[in-house]
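Work through the exercises below with the sequence and the model open side by side. Try each task before reading its solution.

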Amino acid sequence: MINTIKKINNIGVTLILNLFKKIIQSARAQITPPTVEKVRIYTRSEHTISRAQISDNALKVLYRLQKEGFDAYLVGGCVRDLLLGREPKDFDVVTNADPEQVRKVFRNCRIIGRRFRLAHVHFGREVIEVATFRGDGEAQNDAQVLNHEGRVLRDNVYGTIEEDVWRRDFTVNALYYNIKDFSVVDYVQGMEDHRNAILRLIGDPSTRFREDPVRMLRAVRFAAKLGFKLHPDCEQALHGAAPLLSSIPSARLYDEVLKLFLYGYALQTFEMLRHYGLFQVLFPDTERSLASEEHEFPRMLLIKALQNSDNRIADGKSVTAYFLFAALLWEPVRVLAAQKMAEGQVDFMAYQDAANEVIARQLRFTALPRHIGLAIREVWSLQPKFNTRVGSKPSRLILHPRFRAGYDFLLLRAETGGADSELAQWWQVYQYASENEQRKMTQPSRKSATGKPRKRNYRKKTPAAAEVQS
Ligand code: ATP
Ligand code: MG
């Protein structure tokens with residue numbers, strides 16, 4: 001009897017396993033498997049990448065691997081950017097050596113990652129990432145076999161260059177610069193797409209977006225950054241696919257948001273994200289407030305902030321994540337704070353509570369490191385405080401560690417009609433004035449009949465009077 005039940009169970013398990021195999025096989029069949037015949041090699045004279053453009057450390061890694069008898073290529077964004085004559089953000093190397101073998105070649109090397117192990121070769125502040133060719137398809141990674149030390153067994157995870165191509169997202173990101181003969185190896189007509197400035201997904205676009213919805217954000221980011229057009233099939237797959245993003249952990253989305261907005265193409269990226277419905281998945285509160293805006297200025301503040309951030313990057317200046325998030329989430333905070341003030345709450349409390357609520361909701365979509373959350377709150381909480389221009393408060397306010405950012409935020413509001421420009425001007429003069437002038441500026445302006453300053457009225461302000469001009 002027990003044996004019969006076991007047999008039935010075994011048959012059941014086999015049936016289920018076969019079903020899974022069939023599903024995986026049919027998903028793979030949608031992607032034409034790479035063949036050596038399909039490969040196109042662009043010799044040194046047929047492309048524009050020169051070694052002078054490549055970081056010395058990346059070259060060192062490539063040559064060293066080659067010397068040890070391994071294949072070594074530059075791959076991904078660096079090849080794509082070098083072909084455009086741009087300086088790559090980083091250099092990624094891919095090789096047939098496994099991470100342990102890479103570690104033996106370089107002393108300054110650390111292995112990172114658990115699921116898929118990568119080698120990081122350190123040269124002071126520059127890190128060259130060395131990955132081993134990956135086996136075909138993401139699905140395989142979930143079925144990895146680990147040995148007793150937790151090391152991923154080679155055959156099941158690592159693969160050949162032909163397999164590695166298919167796990168990459170866009171054809172222009174799947175070009176391999178071979179250190180052996182300085183050629184560019186192309187299995188997916190990436191060079192042609194690159195020449196035509198087209199972002200084409202490798203394989204079936206809907207399947208690739210479902211496999212990893214972050215690719216939708218990458219599509220938008222690269223389109224804005226490179227000025228490339230999305231291939232019509234990719235664009236079609238994007239429409240309506242935005243909700244897939246909600247399955248991505250908020251920490252990963254936070255990292256992606258920084259890449260989207262802090263690298264010099266924020267404004268165009270924002271417009272594209274909205275166009276494809278992606279923005280509302282990342283910032284639902286903000287999207288709601290933009291959609292229901294009665295005046296232009298909420299949108300203007302955000303646009304101006306993104307524009308400023310792009311300009312600063314173009315000028316080689318730094319931009320901060322907290323200021324960006326403060327701008328992205330300001331409108332929901334302002335609206336909520338105004339509601340609270342209308343209900344009788346004093347201004348600074350209303351802002352504080354609104355900030356807490358909006359940030360708590362946002363955390364469900366994009367994580368925010370604690371120090372970033374704190375800095376955002378500080379920038380916001382300074383806003384109602386700028387309204388006080390008499391007494392000793394202004395002199396204390398300019399000593400606040402976040403004063404500069406808070407003041408920049410006030411300027412942003414003033415420039416886009418959300419705050420009194422005379423108020424912003426006052427603070428501009430005040431912060432650079434001498435102590436004596438500052439004292440004069442903070443004296444009550446109207447005097448009583450006796451010539452003495454009027455007594456201050458400590459009665460609670462009415463909600464309308466307390467409201468920060470939005
Ligand atoms: P940049 O570094 O300029 O932002 P990049 O293309 O180099 O752009 P990385 O995140 O550094 O982007 O990734 C390196 C390469 O790894 C990519 O070019 C692509 O081939 C591959 N890759 C990265 N993320 C994904 C993904 N989510 N799906 C498929 N391939 C990916
Ligand atoms: Mg890169």
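The exercises go from the whole chain to the sheet, then to the ligand and to single residues.

The model is predicted: local features need pLDDT of at least 70, side-chain atom pairs count only at pLDDT 80 or more, and totals for chains, interfaces and linings use all residues. Residues are numbered from 1 along each chain as its sequence is written, chains are lettered from A and ligands numbered from 1 in the order in which they are written, and side-chain values use heavy atoms, with hydrogens and water left out.

**Exercise 1. The whole chain**

Task: state how many helices and strands the protein chain has, and what share of its residues is buried.

Solution.
- Step 1. Take helices (H or I, at least four residues) and strands (E, at least two) as DSSP runs, numbered from the N terminus.
- Step 2. The protein chain then has 24 helices and 10 strands.
- Step 3. Apply the burial cut-offs: buried is under 20% relative accessible area, exposed is over 50%, and partly exposed lies in between (1.4 Å probe, protein chains only).
- Step 4. Of the 470 residues, 46% count as buried.
- Step 5. Now turn to contacts, meaning heavy atoms within 4.5 Å. Among those between residues at least 6 apart in sequence, 68% join residues at least 24 apart.

**Exercise 2. The open sheet**

Task: give the strand order of the eight-stranded sheet and find its edges.

Solution.
- Step 1. Count two strands as paired if DSSP finds at least two bridges between them.
- Step 2. The order is β1-β8-β7-β2-β3-β6-β5-β4, an open sheet with mixed pairing.
- Step 3. β1 (40-42) and β4 (109-112) each have a single partner strand, so one side of each is left without a neighbour in the sheet.
- Step 4. On average, neighbouring strands are turned by 30 degrees against each other, direction ignored. Axes here are lines fitted to C-alpha atoms, for helices over the stretch in contact, and angles run from 0 to 180 degrees between N-to-C directions.
- Step 5. Helix α2 (residues 56-67) packs on this sheet. α2 touches β2, β3, β5 (118-123) and β6, and its direction makes about 35 degrees with that of β6.

**Exercise 3. Around strand β3**

Task: say how β3 runs against β2 and against β6, parallel or antiparallel.

Solution.
- Step 1. Strands β2 (residues 72-75) and β3 (residues 92-95) run antiparallel, joined by four bridges.
- Step 2. Check the register: Val75 stands opposite Asp92, and Tyr73 has Val94 as its bridge partner.
- Step 3. On β6 (residues 126-132), four bridges again join the strand to β3, but these two run parallel.
- Step 4. Here Val93 is bridged to Val130.

**Exercise 4. Ligand 1**

Task: list the closest residues around ligand 1 and give some polar contact distances.

Solution.
- Step 1. Call a residue near if one of its heavy atoms lies within 4 Å.
- Step 2. Ligand 1 is surrounded by 18 residues, the closest being Lys89, Asp212, Arg215, Arg221 and Lys225.
- Step 3. For polar contacts, take pairs of N or O atoms within 3.5 Å.
- Step 4. A polar side-chain atom of Arg80 is 3.0 Å from a ligand oxygen atom.
- Step 5. Asn173 uses a backbone N or O atom, 3.0 Å from an oxygen atom of the ligand.
- Step 6. A polar backbone atom of Arg167 lies 3.4 Å from a ligand nitrogen atom.

**Exercise 5. Cysteines**

Task: how many disulfides are there?

Solution.
- Step 1. Require a pair of cysteine sulfur atoms within 2.5 Å.
- Step 2. The count is zero.
- Step 3. Check two cysteines for burial. Cys109 is buried at 11% relative accessible area, and Cys234 is buried at 1%.

**Exercise 6. Single residues in helices**

Task: are Ala355, Ser309 and Glu435 buried or exposed?

Solution.
- Step 1. Ala355 sits in α18 (residues 347-362). Ala355 is buried because its relative accessible area is 3%.
- Step 2. Beyond neighbours within four places in sequence, Ala355 contacts Val333, Arg377 and Trp380.
- Step 3. Ser309, in α16 (residues 297-314), is buried at 9%. Not counting residues up to four places away, Ser309 touches Phe261 and Val319.
- Step 4. Glu435 belongs to α23 (residues 435-441). Glu435 is exposed, at 62%.
- Step 5. Glu435 and Ser395 are 40 residues apart in sequence and 9.1 Å apart in space, C-alpha to C-alpha.

Conventions
A polar contact is a pair of N or O atoms within 3.5 Å; within protein, one must be able to donate a hydrogen and the other to accept it, and residues adjacent in sequence count only if both atoms are side-chain atoms.
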